[in-house]
Amino acid sequence: MRNCEKLDHESFKDLTKGGQVLTKDYYGDKVIKLEDGRIVKLFRLKRFFSSALVRPYAGRFVRAAALLEKKGIPTVKVEGVYRVPSIKRDMVLYHPLEGTLLREAFQNTGEKTDLVKQFAAFLADLHAKGIYFRSIHLNNVILTPEGGFGLIDISDLHYWGLPLTISKRVRNFRPIFKCDQDRKIFEGVSIKFFLDCYVENAGFKSKRKGELMSRNILNQYF
């Protein structure tokens with residue numbers, strides 16, 4: 001993991017003073033927006049055996065941000081990585097990606113087809129580059145001011161080095177459509193339209209296109 005500094009409790013309190021808690025769970029705060037606009041993301045340290053002991057989530061987040069930058073995909077800019085022993089957390093301090101959550105963009109437009117085309121093309125590009133974002137959904141994709149797309153909340157992003165297999169591509173459609181709120185956003189835009197746009201940008205030959213269509217699992221979500 002990128003150099004991880006220790007941060008004492010007073011320094012942590014000073015840093016987050018006046019910050020807005022954006023996300024929390026049963027264990028405490030998870031994401032805090034600081035007064036200057038930077039973001040603090042907290043990762044709970046595991047006490048028992050877990051893959052997080054071997055590959056800490058904070059490290060995964062930092063590596064994912066570096067990979068996306070290398071691949072030309074907009075994402076957050078990491079400023080620092082810290083361990084805060086007093087609250088048993090690892091912490092990543094970063095600058096957010098400017099833009100609009102894709103869920104908001106869909107909700108605020110009357111014509112969804114262009115956004116669907118662009119999103120399908122973006123997803124096809126990720127998969128062609130070997131990027132598998134396991135929890136991708138409309139609230140961790142950003143529509144940037146330039147009209148492109150970027151990714152946030154990237155801890156569970158994986159890089160395979162080669163274009164994704166058909167099975168991985170199909171599996172990656174699931175989190176996009178399993179949320180009730182997001183399914184309603186796609187109402188009126190058929191599954192076939194989304195897949196046609198995806199396939200057009202994936203550059204598949206007819207055989208692979210047929211394989212993708214035959215293994216499509218989106219029907220169960222509509």
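Let me start with the largest pocket, which is lined by 38 residues, and of these Thr23, Val31, Lys41, Tyr94 and Asp153 lie nearest its centre. Please keep in mind throughout that what we have on the screen is a predicted model, so every value I quote has been computed from it.

The volume of this largest pocket comes to about 1100 Å³. If we ask which elements build its wall, strands E2 (20-25), E3 (28-33), E4 (39-44) and E6 (89-95), together with helix H3 (57-70), each supply at least two residues of the lining. Which of the elements gives the largest share of that lining? That is E4, with 5 residues. As for the chemistry of the lining, its residues divide into 16 nonpolar, 9 polar and 13 charged.

I would now like to turn to the aromatic residues, since the structure holds 8 aromatic pairs, and I will take two of them in some detail. In one, Phe61 and Tyr94 are paired in a tilted arrangement, with 5.3 Å from centre to centre and 35° between the planes. Because Phe61 lies in helix H3 while Tyr94 lies in strand E6, this pair ties together parts that are 33 residues apart in sequence. Both Phe61 and Tyr94 are buried, and Tyr94, you will remember, is also among the residues nearest the centre of the largest pocket.

The other pair is formed by Phe173 and Tyr198, and here the geometry is edge-to-face, with the centres 5.2 Å apart and an angle of 90° between the planes. Phe173 belongs to helix H6 (residues 166-177) and Tyr198 to helix H8 (residues 191-202), so in this case the parts tied together are 25 residues apart in sequence. Are these two rings buried or exposed? Phe173 has a relative accessible area of 1%, and since buried means under 20%, it counts as buried; Tyr198, at 0% relative accessibility, is likewise counted as buried. Stepping back from the pair, we find that Phe173 and Tyr198 belong to one aromatic cluster, together with Phe119, Phe122, Phe149 and Phe194.

Finally, a word on charges that sit over rings. The charged end of Arg44 sits over the ring of Tyr27, at 3.7 Å from the ring's centre. Elsewhere, Lys168 lies over the face of Trp160, and the distance to the ring centre is 4.3 Å in that case.

Conventions: Residues are numbered from 1 along each chain as its sequence is written. This is a predicted model: local features need pLDDT of at least 70, side-chain atom pairs count only at pLDDT 80 or more; totals for chains, interfaces and linings use all residues. Side-chain values use heavy atoms; hydrogens and water are left out. On a 1 Å grid over the protein atoms alone, a cavity is a set of points where a 1.4 Å probe fits but cannot get out, and a pocket is an open set with protein on both sides within 12 Å along at least five of seven lines; lining residues have an atom within 4 Å of a point. Grid points are joined across faces, edges and corners, and a volume is the space filled by probe spheres set on the points. Helices (H or I, at least four residues) and strands (E, at least two) are DSSP runs, numbered from the N terminus. Ala, Val, Leu, Ile, Met, Phe, Trp, Tyr, Cys and Pro count as nonpolar, Asp, Glu, Lys and Arg as charged, and the others, Gly among them, as polar. Rings of Phe, Tyr and Trp (its six-membered ring) pair if their centres lie within 6.5 Å; planes under 30 degrees apart count as stacked, over 60 as edge-to-face and the rest as tilted. Buried means under 20% relative accessible area, exposed over 50%, partly exposed in between (1.4 Å probe, protein chains only). A charge sits over a ring if NZ of Lys or CZ of Arg is within 6 Å of the ring centre and within 35 degrees of the ring normal.
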